[in-house]
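I opened this notebook to keep track of what I looked up, going from the whole chain to single residues. The entries follow the order in which I made them.

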Amino acid sequence: MTPAEPDGAGPRLLAVSDLHVSFKANREIVAALRPDSPGDWLLVAGDVGEKAEDIEWVLRTLRGRFSTVVWVPGNHELWALSTDPVGLRGDARYRYLVSVCHRLGVLTPEDPYPLWPGEGPKTAIVPLLTLYDYSVRPPGVARADVIQWAAEAGIVATDERRLDPAPYADIVEWCQARIAVSERRLAEIPADTRTVLINHYPLRPQDVILPRKPRYAPWSGTRATADWHRRFRARAVVYGHLHVRTSRFADGVHFQEVSLGYPRHWDQTRGAESYLRRIL
């Protein structure tokens, strides 16, 4: 991870994901995060927590420190936990969290895409919610066999118990609906405008790199978004979910996994700002 460094050239677009503030160390690093410039923007690419009150605390804290905060949900925000007083499931829970963001002044996938005020070509900042459809799996594994195939390697996805897709029949149908909405809105972006695409899940299957648990891939996105960086003129693609921080270029586009992860996934002796990745 290369720390974000101030250069005095105007606002910076920074990103982080997978803050998981149910862990004490993670909550403390969020409390310590400070921008180097009051004009900096922050992209939060999902999985800040599971309980609505924790999610609100994180977004309120960050909104008070950055000029603009943009949030996309991860799977953890969408979990339906019996310990969460909000008590909503599926799309209703997502819409509730969007309303919390609107109250705090945080941008979401439901809002008009803002234009980046910094240097460079005209660029829309595009938060997305696409979910997953189990299509990121080996060719020889049938959709009906995914859960058993993963279990053979000791992978049991918590989403199967906690992520309720209501009112959709299943997560695949919800994913398809979100892809349709997102494609329609992306197609409306003027042709002279570049984009920064922000999603919790990788947009390309080849970016689903999970050295510790490779059979978790089916819960890590969809093949339907694999060409979005080309179709929608991306300058950069930002994602999390994997807890494997990476930076790579493909087709002239910078792809960055920006997760903090669970306490075992990051160095607690480093400063909080070193876990903010600079995007623009």
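Before listing any neighbours I wrote down that a contact means heavy atoms within 4.5 Å. I also noted at the top of the page that this is a predicted model.

Entry on the whole protein. I looked up the secondary structure and found 8 helices and 9 strands in the protein. The radius of gyration is 18 Å, close to the 19 Å that the globule rule gives for 280 residues, so I put the protein down as being as compact as a globular protein of that length. For the outer dimensions, I noted that the C-alpha atoms fill a box of roughly 55 × 45 × 35 Å along the principal axes.

Entry on surface and burial. Of the 280 residues, 57% count as buried, and the accessible surface comes to about 11500 Å², with 51% of that area belonging to carbon and sulfur atoms. I then turned to charge, and found that the mean positions of the 36 positive and 34 negative charges lie 2 Å apart.

Entry on contacts. Taking the contacts with a separation of 6 or more, I found that 74% of them are between residues 24 or more positions apart.

Entry on strand S4. I wanted to know how covered this strand is, and 5 of the 5 residues of S4 are buried, so it is largely enclosed by the rest of the structure. Looking at the directions of the side chains, I saw that Thr 123, Ile 125 and Pro 127 point one way from S4, while Ala 124 and Val 126 point the other way, and that all are buried.

Entry on the neighbours of S4. Strand S4, residues 123-127, runs parallel to S5 and is joined to it by 5 bridges. Two of the partners I looked up in S5 were Arg 194, which is the bridge partner of Thr 123, and Leu 197, which is the bridge partner of Val 126. Strand S5, residues 194-198, is itself mostly covered, with 4 of its 5 residues buried. I followed S5 onward to strand S6, residues 234-239, which runs parallel to S5 with 4 bridges between them, and there I found Val 196 opposite Ala 236.

Entry on the open sheet. I traced an open sheet of 4 strands in the order S3-S2-S1-S9, with mixed pairing. Its edge strands are S3 (68-71) and S9 (277-278), each of which pairs on one side only. Within this sheet, strand S1 (residues 13-16) and strand S2 (residues 41-44) run parallel and are joined by 4 bridges, and Val 16 stands opposite Val 44 in S2.

Entry on Thr 108. I located Thr 108 in the loop between helix H4 (90-104) and S4, and asked myself whether Thr 108 is buried or exposed. Its relative accessibility is 1%, and because buried means under 20%, Thr 108 counts as buried. Leaving out residues up to four places away in sequence, Thr 108 touches Trp 71, Val 98, Cys 101, His 102 and Pro 127. Of these I had already met Pro 127 among the buried residues of S4.

Entry on Ala 187. I found Ala 187 in helix H7, residues 171-187. With 58% relative accessibility, Ala 187 counts as exposed, since exposed means over 50%. I also looked up its distance to Arg 231, which is 44 residues apart from Ala 187 along the chain, and the two C-alpha atoms are separated by 8.8 Å.

Notes
Residues numbered from 1 in each chain as written. Predicted model: local features only at pLDDT ≥ 70, side-chain atom pairs only at ≥ 80, totals over all residues. Heavy atoms only, no water. Rg over C-alpha atoms; globule rule 2.2 N^0.38 Å. Buried < 20%, exposed > 50% of the residue type's maximum accessible area, 1.4 Å probe, protein only. Areas by Shrake-Rupley, 256 points an atom, 1.4 Å probe, with all protein chains shown as cover. Lys, Arg positive; Asp, Glu negative; His and termini not counted. Charge placed at Lys NZ, Arg CZ, Asp CG, Glu CD. Pairing = 2+ DSSP bridges.
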